Amino acid sequence: MPIDGFNHTVKGIDSTLRWDRGKAAALFGKLNDDRPLTRRNSQVRPADPARIGSHVTVRGNTLECR
């Protein structure tokens with residue numbers, strides 16, 4: 001997911017995750033048009049279940065996944 005920032009504060013909601021609008025539009029446009037998300041010869045393969053090497057506490061209850 002294209003992320004623009006963590007801990008974006010929204011009045012009445014508190015801390016939120018903010019998406020990168022341009023990259024999100026491109027990503028969801030490809031999904032909507034049933035187009036591939038990676039290049040034709042890409043060696044990138046998804047892991048199932050997703051692998052997160054570790055997580056680090058950043059502030060309060062915030063985590064950073066690596």
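A salt bridge is a side-chain nitrogen of Lys or Arg within 4 Å of a carboxyl oxygen of Asp or Glu. The exercises below use a predicted model.

**Exercise 1. Salt bridges**

Find how many salt bridges the whole structure holds, and say which parts the pair Asp4 and Arg18 ties together.

*Solution*

Step 1. Search the whole structure. Two salt bridges turn up.

Step 2. Take Asp4 and Arg18. Their closest N and O atoms are 3.0 Å apart, and the two residues form a salt bridge.

Step 3. Place both partners. Asp4 lies in strand 1 (residues 3–10) and Arg18 in strand 2 (residues 14–19), so the pair ties together parts that are 14 residues apart in sequence.

Step 4. Check accessibility. Asp4 has 43% relative accessibility and counts as partly exposed. Arg18 has a relative accessible area of 35% and is partly exposed.

Step 5. Turn to Arg35 and Asp33. Their side chains meet in a salt bridge at 3.6 Å, N to O. Arg35 is partly exposed, at 43% relative accessibility. Asp33 is partly exposed, at 47%.

Step 6. Recall the principle. Side chains of opposite charge can pair when their charged atoms come close.

**Exercise 2. The aromatic pair**

Decide whether the rings of Trp19 and Phe28 are stacked, edge-to-face or tilted.

*Solution*

Step 1. Count the pairs. The structure holds one aromatic pair.

Step 2. Read off the geometry. The ring centres of Trp19 and Phe28 are 5.5 Å apart, and the planes meet at 20°.

Step 3. Apply the cut-off. Planes under 30 degrees apart count as stacked. The angle between Trp19 and Phe28 is 20°, so this pair is stacked.

Step 4. Add the setting. Trp19 lies in strand 2. Trp19 is partly exposed, with a relative accessible area of 40%. Phe28 is also partly exposed, at 35% relative accessibility.

**Exercise 3. The nonpolar patch**

State which elements give two or more residues to the nonpolar patch on the surface.

*Solution*

Step 1. List the members. The patch is formed by Met1, Ile3, Phe6, Leu17, Trp19, Phe28, Leu31 and Leu37.

Step 2. Note the area. Together these residues have about 790 Å² of accessible area.

Step 3. Assign elements. Strand 1, strand 2 and helix 1 each give two or more residues to the patch.

Step 4. Link back to Exercise 2. Trp19 and Phe28, the stacked pair, are among the patch residues.

**Exercise 4. Two loop residues**

Ser42 and Asp34 sit in the loop between helix 1 and strand 3. Which of the words buried, partly exposed or exposed fits each residue?

*Solution*

Step 1. Place Ser42. The loop holding Ser42 runs between helix 1 (21–32) and strand 3 (55–57).

Step 2. Classify Ser42. Buried means under 20% relative accessible area. Ser42 has 15%, so Ser42 is buried.

Step 3. Look for a partner. The side chain of Ser42 reaches the backbone nitrogen of Val44 at 3.1 Å.

Step 4. Classify Asp34. Exposed means over 50%. Asp34 has 70% relative accessibility, so Asp34 counts as exposed.

Step 5. Inspect the backbone of Asp34. Its phi is near 55°, a positive value in a residue other than glycine. Most residues other than glycine have a negative phi.

**Exercise 5. The whole chain**

Describe the order of elements, the share of buried residues and the exposed area of the protein chain.

*Solution*

Step 1. Count the elements. The protein chain has one helix and four strands.

Step 2. Order them. From the N terminus on, they run β-β-α-β-β.

Step 3. Gauge burial. Of the 66 residues in the protein chain, 8% are buried. Ser42 is buried.

Step 4. Gauge the surface. The protein chain exposes about 6,300 Å², and carbon and sulfur atoms supply 51% of that area.

Step 5. Check contact range. Take the contacts with a separation of 6 or more. Residues 24 or more positions apart account for 10% of them.

Terms used
Residues are numbered from 1 along each chain as its sequence is written. This is a predicted model: local features need pLDDT of at least 70, side-chain atom pairs count only at pLDDT 80 or more; totals for chains, interfaces and linings use all residues. Side-chain values use heavy atoms; hydrogens and water are left out. Buried means under 20% relative accessible area, exposed over 50%, partly exposed in between (1.4 Å probe, protein chains only). A polar contact is a pair of N or O atoms within 3.5 Å; within protein, one must be able to donate a hydrogen and the other to accept it, and residues adjacent in sequence count only if both atoms are side-chain atoms. Rings of Phe, Tyr and Trp (its six-membered ring) pair if their centres lie within 6.5 Å; planes under 30 degrees apart count as stacked, over 60 as edge-to-face and the rest as tilted. Patches are made of residues with over 30% relative accessible area and no salt bridge: like charges are joined within 9 Å, nonpolar side chains (Val, Leu, Ile, Met, Phe, Trp, Tyr) within 5 Å. Accessible areas come from the Shrake-Rupley method with a 1.4 Å probe; for residues, only the protein chains shown count as cover. Contact means heavy atoms within 4.5 Å.
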